[in-house]
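Trainee: Can we go through this model together? I would like to start with the overall make-up and then look at one sheet.

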Amino acid sequence: MLFRPSLRSESRLAASLQPQRNTTGARLRRWAALSVLALSGACSGTKYIPQDAKLYTGSTVKVQSEAPVPNESALTTELEAVIAPKPNASILGMRPKLYFWSLGEGKTKGLGKWLADKYGERPVLLSEVDTQRVKTLMANRLNNNGYFKPAVHSKVQVKGQTAAVDYTAQVGKPYLIKEIYYPDRDTLLDRAIRATQSASLLKVGEPYNLQTLINERTRIDGVLKNQGYYYFAPDYLLYQVDSTLDNQVNVYLKVKGSIPKRAAQPYVLNRVSLNTDYSLSDTASAGRQPIIYSKYRYYPDEKMFKAKAIANATFLYPDSLYRRRRADQTLSRLMSLGTFKFVDIRFRPARNQPDSAEYGHLNAIVRMTQVPKKSLRAEVLLVSKSNGFVGPGFRIQYRNRSALRGAEQLLVNITGSFENQTRTGTNAIGLTSYELGADAQLIVPRLITPPFDIQVRNSDFQPRTTFGAGYKYVQRLDAFRQDVFSLNYGYTWKTKLTNEQEFRPIDVQYVRLADTSATFGKLLRERPFLANSFRQQFILGSSYRYTYNQQVLEQRRNQIYFSGGLELSGNLAYLLSNLTSQPKEDNPDGTQAYTLIGQQFSQYTKVDLEFRNYFRTSSNPTSGNKIATRILLGAGLPYQNSKVLPYLKQYGIGGPNSVRAYAARGIGPGTYRPRNASEEQTNFYDQVGDLRFEANAEYRQDLFPYVKGALFVDAGNIWLVNEDPDRPGGKFEPGSFLNQLAIGAGAGIRIDVQFFVIRFDAAMPIRAPYGTPDDKAPRLNIAIGYPF
């Protein structure tokens, strides 16, 4: 019950209650202070330190000099690297790992022991710090960087139950290189070393640095290995440094006087043997007579591989100087054929060839272990496409790894799938699909370019010529049936590990539409643009694509990916038809077009660009914590014989690998959106375009073993090049396209077992191209693999 006393009684009551209130408040303050101290001690870790010990909290390093210290921050970092031990991990002065460690102290099992083993960390004490050893290591590092006769001091800073160590390094001016002297004897080896001087890593006037000297030794060894010095090693080189000058040094590079004779002479390849059927039980081809092909000794015979095919991928030539670069290139080329499980090269002194005064001789045997020539593989798949179709599928693949005895790979695939896309709240037609297909590829491990003989001699990767043909049957229920025939011929080659190029001079497709339903037929009659994109036609394409991919450099913290493609179709056919005055065929919409063998052909130019960047937030190369970004740009321009791109070549946006807050092909073009029930029924076919812009950003975080999390934001849209009255607002306008981007954001969970990734992404629309989204409910995407 609450009451308010009179003024007189209120003063007396306050006076009578004051001592009791003061006593209670003091108690509360004492308990609060004790609780804070206890919590602070527990979280800071000092609670678990023995009474006479100090918790080591880390060290600082300071470099002092009367002269400017070049690259002082890098030098300080190098000195910090030798400090040991490392202190306990802390967050804002708190050390929760020490608390978890205390839960398991003295226990052999139970929850406390598990928490200690999983998350705990024992205290690191000041008594474990060997300051003298650290100072000695720092002095060595300073000497290695040209700061001779340094003075390193340490001072312990104690604060309560904790202690830190401050290190101070006092240095003078760094010693600079005054002169560099290379071996001067009149021998073949010394002359070869002197010839490398122009590319030396040692520069006059630069600071003395031990690591640079080590790197220079390694560089010289690499050069010598490519000049025949098979038995030479970097340790056979030594440095003598004269530091008696005033802050300057003279560096003398010499060859040790005690190196083996064989290390001082270059070697020539005498006999090169190629064994394409090597196994661990092989006895070095004993008892078998080789085939002699272009001076190669080829084992065992040509039943599996023609000698020419293997010799073309071998860069070790009899009677030529040994070069390590050629040996590495041979290993890479033979492995990239895809027909061998293991490849290695053995070099041995040639016993039947006596050494000359300056040159020795080596025999080389290239040993190859085959994978089975033929294989049959069947897979049951969960098909997940970028257009949002998901469903079960299968693939049966036959592979012959030497179809023509030249390491040509023949692949025959039979595929099938049942796919469906659910679009809530619509009765769109054709969202259930059946597909059956068969295709064959012949991959030849060389460039077939008659009448020219083009070879990529300096690449480590085998160039390829590919011939392909295929057929696909597509049945979209309640819509249409489509037959797609394809024929292609092209080349792929790599000049570096990160660079790949693909050129297809012939990439032909023939698309035939049949068995259209009454509803879909009515749609084509009402949509001239759509009817043109679905017309029966040839796609006479040629394409080129360049890919630069740093993801293969796994140790690199920041990785860049770029892919750019150009596709042309129908230009040559149009030129020939025009020059020969061929008649044009009339279309229902009043346009005219040339034909080829009685069928119209499409004519367009298409450009696709993709930029990605992956930045790993952790210095650990195995960490999956990274920021991934992507930008997609695409433009398809129809002209002359076409007013619209073929439907197969048009862009759609939205779905599990695009703007995830919207359904596949649920955005655009431009500000267009279905205006009535009829357009809702056909919007899957309407919402495509000629231009595309898309941007994605995603933060990925390791959560548990094989489980990763992600936060992401997506934006993008598509547009038309030419105005379509049936899709108002769809044409691209340079001044307003940024305001027409659809934007969505969300979070996801990924189950990543390295060879297989299942992805669950929930995304919410933030903005629609036309403004506020009609439906702000989050959308769940289930997909296979990462979105990019």
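Trainee: How many helices and strands does the chain have?

Mentor: This is a predicted model. In it, the chain has 13 helices and 31 strands.

Trainee: And what share of the residues is buried?

Mentor: Of the 788 residues in the chain, 43% are buried.

Trainee: What about the exposed surface, how much area is there?

Mentor: About 41700 Å² is exposed by the chain, and 56% of that comes from carbon and sulfur atoms.

Trainee: On to the sheet. In what order do the five strands run?

Mentor: The order is E8-E9-E7-E11-E10, in an open sheet with mixed pairing.

Trainee: Which strands stand at the edges?

Mentor: Those are E8, residues 291-293, and E10, residues 340-349. Each has a single partner strand, so one side of each lacks a neighbour in the sheet. On average, neighbouring strands here are turned by 25° against each other, ignoring direction.

Trainee: In which sense does E10 pair with E11, and over how many bridges?

Mentor: E10 pairs with E11, residues 360-370, in the antiparallel sense over nine bridges. As one example, Asp 344 has Arg 367 in E11 as its bridge partner.

Trainee: Which helix packs on the sheet there?

Mentor: Helix H9, residues 324-335, packs on the sheet and touches E10 and E11. The direction of H9 makes about 155° with that of E10.

Trainee: Back to the whole chain. Of the contacts with a separation of 6 or more, what percentage is between residues 24 or more positions apart?

Mentor: Such residues account for 64% of those contacts.

Notes. Residues are numbered from 1 along each chain as its sequence is written. This is a predicted model: local features need pLDDT of at least 70, side-chain atom pairs count only at pLDDT 80 or more; totals for chains, interfaces and linings use all residues. Side-chain values use heavy atoms; hydrogens and water are left out. Two strands pair if DSSP finds at least two bridges between them. Helices (H or I, at least four residues) and strands (E, at least two) are DSSP runs, numbered from the N terminus. Axes are lines fitted to C-alpha atoms, for helices over the stretch in contact, and angles run from 0 to 180 degrees between N-to-C directions. Contact means heavy atoms within 4.5 Å. Buried means under 20% relative accessible area, exposed over 50%, partly exposed in between (1.4 Å probe, protein chains only). Accessible areas come from the Shrake-Rupley method with a 1.4 Å probe; for residues, only the protein chains shown count as cover.
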